[in-house]
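Student: I have a model open and would like to learn how to read its features one by one. Could you walk me through it?

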Amino acid sequence: MKATFFVVGEWVDKYPESVKALADAGHEVMGHSNDHAHFNTLSADEIVADINTCNDKIEKITGVRPTLFRPPFGEYDDHVITTVRGMGIEPIQWDVDSLDWKDYDAATITQRVTSAVGPGSIVLFHNAALHTPEALPGILDYLLGEGYEIVPIGQLILQGTYNTDFTIDHTGRQCPME
């Protein structure tokens with residue numbers, strides 16, 4: 001199965017071989033900022049520069065320029081969304097937070113995810129979380145057993161133009177325009 005990994009540029013600098021391995025394995029490698037700044041506090045020029053710096057690093061290693069972006073801390077406002085979309089990049093959030101970064105044990109992470117997931121869910125995990133590797137096999141077994149298909153976000157999101165081809169509802173999910 002393939003997934004999407006949103007990586008910080010500073011992490012790309014430290015672990016280029018891991019970024020290459022993810023891409024070579026067929027996973028999507030997308031941007032999560034260069035240094036995990038609070039994007040709500042940045043100007044449009046600062047947002048563009050930060051994202052381009054991160055995406056340049058990813059593209060240099062993978063040969064693929066990121067088309068998706070996950071704002072650090074999940075912080076965004078209209079200014080951030082407009083700026084990111086103006087770059088031709090789609091901002092991505094999540095609807096299920098594993099809270100793995102809080103170092104919860106594997107059972108707690110598993111319960112949080114399996115009790116909240118639904119069709120089209122995007123689940124947030126972190127690459128440095130202590131118990132995520134222990135929790136993932138059980139989560140994946142549950143999801144597959146329930147008939148879910150694990151896909152990269154690029155295969156999940158609707159293509160087209162916001163407010164022309166799709167809108168986004170109050171839960172953050174894309175809805176096709178009819």
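Tutor: Gladly; we will go through pockets, cores, burial, contacts and backbone angles in turn. Keep in mind that this is a predicted model.

Student: Let's start with empty space. How much space lies in the largest pocket?

Tutor: The general idea first: rolling a probe the size of a water molecule over the atoms shows where empty space is left. Here, the largest pocket holds about 1,300 Å³.

Student: Which residues lie nearest its centre, and how many line the largest pocket?

Tutor: The lining is made of 45 residues, and those nearest the centre are Ala3, Thr4, Val123, Leu124 and Phe125. By class, 29 of the lining residues are nonpolar, twelve are polar and four are charged.

Student: Which element gives the most to that lining?

Tutor: Helix α6 does, with six residues. At least two residues each come from β1 (4-7), α2 (16-24), β6 (123-124), α6 (132-145) and α7 (153-156).

Student: Now the interior. Which residues form the largest nonpolar core?

Tutor: To read a core, look for buried nonpolar residues joined through their side chains. In this model the largest one has nine members: Ala37, Phe39, Leu42, Ile47, Ile51, Phe69, Val80, Val84 and Ile89. Two elements, α3 (44-62) and α4 (78-86), give two or more residues to this core. There is also a second, separate core of eight residues, including Ala106, Ile109, Val113 and Ile139.

Student: Can we take one member of the largest core? What is valine 80 in contact with, leaving aside its neighbours within four places in sequence?

Tutor: Valine 80 is in contact with Phe39, Asn40 and Ile47 once those neighbours are left aside.

Student: Next, burial. Is serine 121 buried or exposed?

Tutor: The cut-off to apply is that buried means under 20% relative accessible area. Serine 121 has a value of 17%, so it counts as buried. Serine 121 is found in the loop between α5 (106-116) and β6.

Student: Which backbone nitrogen does the side chain of serine 121 reach?

Tutor: That of glycine 118, at 2.8 Å. Beyond its neighbours within four places in sequence, serine 121 is in contact with Asp95, Val96, Ala116, Leu156 and Arg173.

Student: Let me follow one of those partners. Where is aspartate 95?

Tutor: Aspartate 95 sits in the loop between β4 (90-91) and β5. With 31% relative accessibility, aspartate 95 is partly exposed. A polar contact of 2.9 Å joins its side chain to that of serine 121. A polar atom of the aspartate 95 side chain also lies 2.6 Å from the backbone nitrogen of isoleucine 122.

Student: How many residues apart in sequence are aspartate 95 and isoleucine 122?

Tutor: They are 27 residues apart in sequence, while their C-alpha atoms are 5.7 Å apart in space. Setting aside residues up to four places away in sequence, aspartate 95 touches Ser121, Ile122 and Arg173.

Student: And alanine 116, another partner of serine 121: what is its place?

Tutor: Alanine 116 is in helix α5, and at 41% relative accessibility it counts as partly exposed. Leaving aside neighbours within four places in sequence, its contacts are Val96 and Ser121. Between the C-alpha atoms of alanine 116 and aspartate 97 there are 8.8 Å, with 19 residues of separation in sequence.

Student: Back to a helix from the pocket lining. What does the side chain of threonine 132 make a polar contact with?

Tutor: Its partner is the side chain of aspartate 100, at 2.7 Å. Threonine 132 lies in helix α6 and is buried, with a relative accessible area of 5%. Contacts beyond four places in sequence are Asp100, Ile109, Phe125 and His126.

Student: Last, backbone angles. What is phi of leucine 99 near?

Tutor: When reading phi, check its sign and whether the residue is a glycine. Phi of leucine 99 is near 55°, a positive value in a residue other than glycine. Leucine 99 is in the loop between β5 (96-97) and α5, and is buried at 14% relative accessibility. Histidine 36, also not a glycine, has a positive phi of about 60°. Histidine 36 belongs to the loop between β2 (28-31) and α3, and is partly exposed with a relative accessible area of 28%.

Technical notes. Residues are numbered from 1 along each chain as its sequence is written. This is a predicted model: local features need pLDDT of at least 70, side-chain atom pairs count only at pLDDT 80 or more; totals for chains, interfaces and linings use all residues. Side-chain values use heavy atoms; hydrogens and water are left out. On a 1 Å grid over the protein atoms alone, a cavity is a set of points where a 1.4 Å probe fits but cannot get out, and a pocket is an open set with protein on both sides within 12 Å along at least five of seven lines; lining residues have an atom within 4 Å of a point. Grid points are joined across faces, edges and corners, and a volume is the space filled by probe spheres set on the points. Helices (H or I, at least four residues) and strands (E, at least two) are DSSP runs, numbered from the N terminus. Ala, Val, Leu, Ile, Met, Phe, Trp, Tyr, Cys and Pro count as nonpolar, Asp, Glu, Lys and Arg as charged, and the others, Gly among them, as polar. A nonpolar core is a set of buried Ala, Val, Leu, Ile, Met, Phe, Trp, Tyr and Cys residues joined through side-chain atoms within 4.5 Å. Buried means under 20% relative accessible area, exposed over 50%, partly exposed in between (1.4 Å probe, protein chains only). Contact means heavy atoms within 4.5 Å. A polar contact is a pair of N or O atoms within 3.5 Å; within protein, one must be able to donate a hydrogen and the other to accept it, and residues adjacent in sequence count only if both atoms are side-chain atoms.
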